[in-house]
Amino acid sequence: MKHIASLLIFLITAVPAAASFDDAASIYNGKDYVAARQIAEPLAKGGDVRAMAMLGAIYQKGEGVAVSLDRAIEWYGKAAEVGHAPSQFALAMIYLDGSLGGVDYDSGAKWLRRAAEAGNLEAEFSMGLLSAAAFGNTPDWPEAAKWYRLSAERGFADGQYNLGVLYLQGSGVEKNETEAARWLAKAAAQGNIDAALDYGILVFRGQGVQKDEKIGAQWLLLAARRGNIVAQNRVARLYAYGKGVTVDAVEAMKWNLLAANGGRPDAELDSLLANLTAEQKAEAQSRAGAFKPQTAAN
C-alpha cells in the first residue's frame, strides 16, 4: 500500500496543469513564438477566441513559422465568426491592404463594418478611410464623417485630424472653420504632426480661432522639427520675413535647405537668401546637416 500511495503521489505531481492562454500570451510577449503556438493551438481548437487570434497573428507575421496568409485567414476567420472584433479588423485589413495580391473590397468591407459596429476603435477610423475612397471605391463623404467622428470622440488622433480636414473642406459636413480648428487642435495636442501644421496655419491666419502669429508659428515649428516638409518651408518663410518669430536669415536658409532636400524647393526664398555672406551660408548648411527630426518623446 505504501508503494501504491507513493506511485499515486508521483503521478499527480508529474502531470503539469494545463497551460492557459495567459501562459501563451506571456511566452508570446517574451518572443518565444514556437512555444506560444504549441500552447495556443489546442486552446484554439477548443474554442478559445484569443488563442485563435494569436495563431492568426503568428501565421500572418511569420513568427516562428513560415508566413501563411491562408492559415492567418483561417484562424482570424474562426475568431471573427464568433464576434471577436480585433480578429474581424485584422481579417478586414488582410483583404483590403493588397497583401493577397489585390484588394478584396467586398470581404474587407464586410468584416471592417462588423468590427466597427462592435466598437473596435481602429475599425471605426478605417471605416472612415473606406468611406473616403481610400481603397479605390466610390467615396461617401457623409459616411466618412460619421465614422471619423465616432473615432474622434473616443480620442483617436487620426480620426480627429481627418474630421477636422473634412470641416475645412466642407466634405460630408457643412464647412466650418471653427469646428475644423477644434478637432485639429485636439489631434495636434496628441502629436499628430499634420494636424500641428494645419492648426498652426489656422491660428496664424485667425481662421476659426483667435489670430496669434506667435502661437501659430510655434505650432509650425513643432511640425517642422518633427520633419514635416511643408512646415519646414513655412517656417523658412517665417524667419525670412519675421512673421511670428524674429527675423533670422540663417535659420531661414536652414529650413529652406531642409524643405528643398525633402522635395519642396522655393525659388522666391532662394532669391531672397542669395545675398547671405559665405559665413552665414556655411552656418545654415551646417545646421541643416546636423538636423535630426524630433520624435513625440523629445
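Does the end-to-end distance matter, and what span should the 13 residues of helix α7 (residues 105–117) have at 1.5 Å a residue? I noted that the expected span is 18 Å and that the end C-alpha atoms lie 18 Å apart, which agrees. The expected span is 1.5 Å times one less than the number of residues.

I recorded that the model is predicted, that local features need pLDDT of at least 70 and side-chain atom pairs pLDDT 80 or more, and that totals for chains, interfaces and linings use all residues. Residues are numbered from 1 along each chain as its sequence is written, and side-chain values use heavy atoms, without hydrogens and water.

Entry on α7. I listed its buried residues (under 20% relative accessible area, 1.4 Å probe, protein chains only): Gly108, Ala109, Trp111, Leu112, Ala115 and Ala116. I found that their cover includes α5 (69–81), α6, α8 and α9 (141–153). After α7 comes Gly119, with a positive phi near 100°.

Entry on α5. I looked up its buried residues, among them Leu69, Trp75 and Tyr76. They pack against α3 (33–45), α4 (49–61), α6 and α7. Gly83 follows α5 and has a positive phi, near 95°.

Entry on α6 and α8. I found that the axes of α6 (residues 85–96) and α8 (residues 121–131) come within 10 Å and cross at roughly 30°. The two helices are therefore roughly parallel, a term for angles under 35 degrees. Phe89, Met93 and Leu96 of α6 make the contact (heavy atoms within 4.5 Å) with Glu122, Ala123, Ser126 and Leu130 of α8.

Note on methods: Axes fitted to C-alpha atoms, helices over the stretch in contact; angles between N-to-C directions. Helix = DSSP H or I, 4+ residues; strand = E, 2+ residues; numbered from the N terminus. Parallel < 35°, antiparallel > 145°, perpendicular 65-115°, else oblique. Buried < 20%, exposed > 50% of the residue type's maximum accessible area, 1.4 Å probe, protein only.
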